[in-house]
Amino acid sequence: METSTIPKIHGKAKDFMPINGTDYIELYVGNSKQAAHYYKTAFGFQSFAYAGLRTGLKDRESYVVIQDKIRLILTSPLKSGTEIGQHIDKHGDGVKVVALWVDDATYAYDTAISKGAKSYMEPETEEDENGKVVRAGIYAYGETVHVFVERKDYHGTFLPGYIQWETPDYNPAPTGLKYVDHMVGNVGWNRMNHWVEFYEKVMGFVNILSFDDNDISTEYTALMSKVMSNGNGRIKFPINEPAEGKKKSQVEEYLDFYEGEGVQHIAVATDDIIKTVKDLRSRGVEFLRVPSTYYDAVTDRVGKIDEDIAPLKELGILVDRDDEGYLLQIFTKPVEPRPTMFFEIIQRKGAQSFGKGNFKALFEAIEREQELRGTLH
Ligand code: FE2
């Protein structure tokens, strides 16, 4: 049985930057109105907030969708030549902002800058009749940024500048997605340790798990990964870099198509993965499939679990165990034309790790997709 334990990091992390959780994720997309429809229809997000022409903005339009604690801002430009448009031209649809909820955004920003972070946005206070929000931002890998959001003096639903977005005639039910479990970044060749040090030095994160190319390789492709966590464990950022293999690794494929470093996947938690995945499939979300032989050995590998194997096999849900328990997970296909960002659905039953026992089966499944795309050379 493959096992791994995450060291207890509480008290060990240099937690000079307390973070309460993920605040929102902003994606720059070609058509925010249609993207919002997709996240509602396919993933069960709910209409939440809007900013654009109707709120006086002239250059962009943002739709915000929500499901439990997960908030996605979907933003498109309203004219040519904008920073948002250039981002989309270069990267395709993708994550621009990973916003972090803090008690003091100015302190978080000043601390990060004093430790070497590059500024994206100096502290800015935005106000409306519901109070004020302070936001400030720093650059992370590629063109991805972290925005610190201080909302302790704000009582509105989202952020100043946004109005409530209501769609009385179309509100598909949620699918049981609850919160962001982790978000993975793909970085360039030999850049993983640079970004590990960035999160350690600038944000006080700790490296809680490492996988080398022996852990994460198939006959053909390989990658390396280190998982960074903040002090309270609410923010986990695995960082991947490609490794040499006989053929092109999925991380290299991502870097080619995204034309740089960026967010590879957003892992979202559910309390009932069988129900959630059935629902998502019926709404058109496409998942990676492992061969049915994966399930022949699954009980030997992970021992007894609460779920029947049959529905897991039917849906293609993967299982792994560590010293603290087990987890169930499944990965979508990329959600845009370029083979770049995708989602992971995860249900943790004690396990705090990331499914190392599934890496091989999973990467072989990705290779089959790469083969179909003609990018596995
Ligand atoms: Fe993941």
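So, into which domains is the protein chain divided? There are two: domain 1 (21-164) and domain 2 (175-373), with bounds that come from an automatic or database domain assignment. Before I go on, a word on what we're looking at. This is a predicted model, where local features need pLDDT of at least 70 and side-chain atom pairs count only at pLDDT 80 or more, while totals for chains, interfaces and linings use all residues. Residues are numbered from 1 along each chain as its sequence is written, and side-chain values use heavy atoms, with hydrogens and water left out.

Okay, back to the domains. The C-alpha centres of domain 1 and domain 2 lie 25 Å apart. Their contact, meaning heavy atoms within 4.5 Å, takes 40 residues from domain 1 and 38 residues from domain 2.

Now the sheets. When I say strand or helix, I mean a DSSP run numbered from the N terminus: H or I with at least four residues for helices, E with at least two for strands. And two strands pair if DSSP finds at least two bridges between them.

One open sheet has 9 strands, in the order 6-7-8-5-1-4-3-2-9, with mixed pairing. Strand 6 (119-128) and strand 9 (163-164) are at its edges, each with a single partner strand, so each has one side without a neighbour in the sheet. At the strand 6 end, strand 6 and strand 7 make a hairpin with 2 residues between them. That pair is antiparallel over 7 bridges, and Met121 has Gly137 in strand 7 as its bridge partner. Strand 7 (residues 131-139) also pairs with strand 8 (residues 145-150), antiparallel again, over 6 bridges. There, Ile138 is matched with His146 in strand 8.

Then there's an open sheet of 8 strands, in the order 11-12-13-10-14-17-16-15, and its pairing is mixed as well. Here the edges are strand 11 (206-211) and strand 15 (318-322), each with a single partner strand, so one side of each is left without a neighbour in the sheet. From one strand to the next, the twist averages 25 degrees. For angles like that, axes are lines fitted to C-alpha atoms, for helices over the stretch in contact, and the angles run from 0 to 180 degrees between N-to-C directions.

Let's zoom in on strand 13 (residues 236-243). Is it mostly covered or mostly open? Mostly covered: 8 of its 8 residues are buried. Buried means under 20% relative accessible area, exposed means over 50%, and partly exposed is in between, using a 1.4 Å probe and protein chains only. On one pairing, strand 12 (residues 222-229) runs antiparallel to strand 13 over 8 bridges, with Ser229 bridged to Lys236. These two strands form a hairpin with 6 residues between them, and Gly233 in the turn has a positive phi of about 80 degrees. Strand 10 (residues 177-186) pairs with strand 13 in the parallel sense over 2 bridges, and Gly185 has Ile239 as its bridge partner.

On to helix 6 (residues 273-282). Its buried residues are Ile273, Ile274, Thr276, Val277 and Leu280. They cover an arc of only 165 degrees around the axis, which puts them on the same side of helix 6; the arc is taken from the directions from the helix axis to the C-beta atoms. The face turned away from that buried side carries the exposed Lys275 and Ser282. What covers the buried residues includes strand 10, strand 14 (262-270) and helix 8 (309-315). Just after helix 6, Gly284 takes a positive phi of about 100 degrees.

Last topic, the cores. A nonpolar core is a set of buried Ala, Val, Leu, Ile, Met, Phe, Trp, Tyr and Cys residues joined through side-chain atoms within 4.5 Å. The largest has 95 residues, and Tyr39, Phe148, Tyr199, Met203 and Ile266 touch the most other members. Helix 4 (residues 192-203) gives the most to this core, with 7 residues. Domain 1 and domain 2 both contribute residues, so this core lies between them. A second, separate core of 18 residues includes Ala49, Val97, Phe158 and Tyr162.

Coming back to helix 4, it lies across strand 5 (94-102), strand 7 and strand 8, running at about 140 degrees to strand 7.
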